[in-house]
Structure formats: structure tokens, C-alpha cells
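Q: I've got a model open and I'd like to learn how to read it. Could you walk me through a few features?

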Amino acid sequence: MALLEINEVSKEYTRGGHAFNAVNHVSLCVDGGDFISIIGRSGSGKSTLLNICAGLLEPSDGAVLFEGKDIYDLKDKEISFFRNAKIGYVPQGQSLLSNFTVLENVCIPWFLFKREGDAEGRAFILLEKVGISHLAASYPKELSGGEMRRAAIARSLMNNPSLLIADEPTSDLDAATTAEIMRLLNAIVQKETAVLIVTHELDTLNYGNKTYTMDAGNLTPHAA
Ligand SMILES: Nc1ncnc2c1ncn2[C@@H]1O[C@H](COP(=O)(O)OP(=O)(O)OP(=O)(O)O)[C@@H](O)[C@H]1O
Ligand SMILES: [Mg+2]
């Protein structure tokens, strides 16, 4: 059974009296161990698609199955718990909370639902893994763009998700930092978390085992 399977998913928006499909009849399958990258221009529907996959945005049409179950059949509380337990999410742009330290930011997903255990200890290990444990006590405004992305990736891994979804995790970073972040994501896949990322950068295509292009809401396998 696929980890995530979306079938004929569409999202319709209306703007200025005109209706259009930001995501248009998209089907996609993510298996355990997959590293899938989707590239596409700004406005092509990438974030809309990721939000649908992450359980954050109900599609107008089609089904989103996670481990065989339609996540949008779940009640609000169940879907929140599902997201928190199974999905690691790195949103587009800066998403750390400014009044919390890096370590506290990484801990947040742990405390959204009652859990036992040493949250700070686990968060620190994740910060070591992403290479910024020396910044644990710093605040987001004291970090570089690449360091903030690393912190957001550590946060997304806090609850040991089955699927990590990252929305342009390398935007605005230089080529060397982009390569480091992509290598980091690649290492995460090897530890059995599947990764689904979107980006508009062609140089991220060297990573991942499946690549797709998104254009005006349509998803097609990327021609090499
Ligand atoms: N709530 C909304 N209502 C109406 N239109 C929307 C809404 N959200 C997004 N859109 C439109 O849907 C299209 C897809 O948006 P989306 O954010 O998915 O694009 P994207 O590929 O992630 O772009 P970017 O690379 O700039 O982040 C765009 O034309 C956008 O303007
Ligand atoms: Mg986007």
C-alpha cells in the first residue's frame, strides 16, 4: 500500500468572478523511501498541492489517501492529530516563531498533543543532525536564511513523521547552501521517512528518485 496516494485531485478557486483549477486533476503516489521533487513556476499550484497532501486544505474534487484512508473523511480533531503524528511540514518562507528560541521552536510539535518523554533532549539531537545545535539558545532573528531552514527541518522531524513535506526549502539560498539542504533531505529519506518537496529551482533535480513538473495546475513526470 502506498504511503500517500492522491487520485484526480482538483482545487478550484474563484477570483474576480472567474473560476479556475489551481490544482487540476492531479494524481500522485508516494511510497516509503521515496524522495519526490516537483518543480514549477510561481503560481503553478505547488503550495496548493502540498497543502492538500498535508491535510491542510480540502480539495474540491478527488481523494487523498494516507496509508489507504481518506484523510478528509476524518473529523477536525482526528485530522489535526494525524497531521501532527504522521506529517512533517516545512512551510514556504520563514515559519519559526520569533519569541521562542530555536530549541523551543523545534519542540513545539511535540507539545501540541500530550506526549511523554524528553522533548528537549530529542530536539537537541535533531539540531545536531541538521548541524545547528550551537544555535539552540538563539532566537530566529539571529539566524541566517539557511540556518532557519535547518531549524524548520529539525522541527518537522520532531514527531518522527512518515512523510516530510517541504515547500521550497531552498528558496533564496546560495548554490552551496541549497546543495547542503538537499543532501540533508536526502539523508532523511535514507532513514525511512519519505520526502515530498516543491521548488522552482532546476538545480535541485539532481536529488530525489522521482521528479515532476507542475504547470498551471497540471502535474506531469519531468522529462530529463
Ligand atoms: N485562496 C486563494 N484564492 C484564490 N486564488 C488562490 C488562492 N490561493 C492561491 N491562489 C492562486 O492559485 C494559484 C496557485 O497558487 P500557489 O500558491 O499554489 O502557487 P505556487 O506554485 O506555490 O507559487 P509560488 O512558487 O509563488 O509559491 C495562483 O494563481 C494563486 O494566485
Ligand atoms: Mg508556493
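Q: Which residues does Leu196 touch, not counting those up to four places away in sequence?
A: This is a predicted model, so keep that in mind as we go. For contacts, skip the neighbours along the chain and see what the fold brings together. Leu196 touches Val30, Ile36, Cys53, Leu163 and Ile165 once residues up to four places away are left out.

Q: And how many residues are in the largest nonpolar core?
A: There are 57. To read a core, look for the members that touch the most other members. Here those are Cys53, Val106, Leu127, Leu163, Ile165 and Leu196.

Q: How do I judge whether Ser37 is buried or exposed?
A: Count the C-beta atoms around a residue; 20 or more within 10 Å makes it buried. Ser37 has 23 such neighbours inside 10 Å, so it counts as buried. Ser37 sits in strand β3, residues 35–40. Leaving out residues up to four places away in sequence, Ser37 touches Ile197, Thr199, Thr204, Leu205, Tyr207, Gly208 and Thr211. On the other hand, the C-alpha atoms of Ser37 and Asn21 are 21 Å apart, with their positions 16 residues apart along the chain.

Q: Can the same count be used on a helix? Why is α1 said to be largely enclosed by the rest of the structure?
A: Just go through the helix residue by residue. Seven of the eight residues of α1 are buried, so the rest of the structure largely encloses it. The buried ones are Lys46, Thr48, Leu49, Leu50, Asn51, Ile52 and Cys53. Just after α1, have a look at Gly55, which takes a positive phi of about 80°.

Q: What surrounds ligand 1?
A: For a ligand, list the shell, then ask which elements supply it. Ligand 1 is surrounded by 13 residues, and the closest are Tyr13, Ser42, Lys46, Ser47 and Thr48. Two elements, β1 (4–15) and α1 (46–53), each give two or more residues to that shell. The largest share, three residues, comes from α1. By class, the shell has two nonpolar, nine polar and two charged residues.

Q: Last one: at what angle do α3 and α5 pack?
A: For a helix pair, read the angle, the axis distance and the handedness. Helix α3 (residues 102–112) and helix α5 (residues 145–156) pack at about 30°, their axes 7 Å apart. Their crossing is right-handed. On the α3 side the contact uses Val102, Asn105, Val106, Ile108 and Pro109, and on the α5 side Ala151, Ala154 and Arg155. Sorted by class, that contact has six nonpolar residues, one polar and one charged.

Q: Why do residues three or four places apart in a helix point the same way?
A: An α-helix has 3.6 residues a turn, so that spacing brings you back round to the same side.

Note on methods. Residues are numbered from 1 along each chain as its sequence is written. Chains are lettered from A and ligands numbered from 1 in the order in which they are written. This is a predicted model: local features need pLDDT of at least 70, side-chain atom pairs count only at pLDDT 80 or more; totals for chains, interfaces and linings use all residues. A residue is near a molecule or strand if its C-beta atom, placed from the backbone, lies within 6 Å of it. Helices (H or I, at least four residues) and strands (E, at least two) are DSSP runs, numbered from the N terminus. Ala, Val, Leu, Ile, Met, Phe, Trp, Tyr, Cys and Pro count as nonpolar, Asp, Glu, Lys and Arg as charged, and the others, Gly among them, as polar. A nonpolar core is a set of buried Ala, Val, Leu, Ile, Met, Phe, Trp, Tyr and Cys residues joined through C-beta atoms within 7 Å. A residue is buried if 20 or more other C-beta atoms lie within 10 Å of its own, exposed if 12 or fewer, and partly exposed in between; C-beta atoms are placed from the backbone. Two residues are in contact if their C-beta atoms, placed from the backbone, lie within 7 Å. Axes are lines fitted to C-alpha atoms, for helices over the stretch in contact, and angles run from 0 to 180 degrees between N-to-C directions. A crossing is left-handed if the near helix is turned anticlockwise from the far one by less than a right angle, and right-handed if clockwise.
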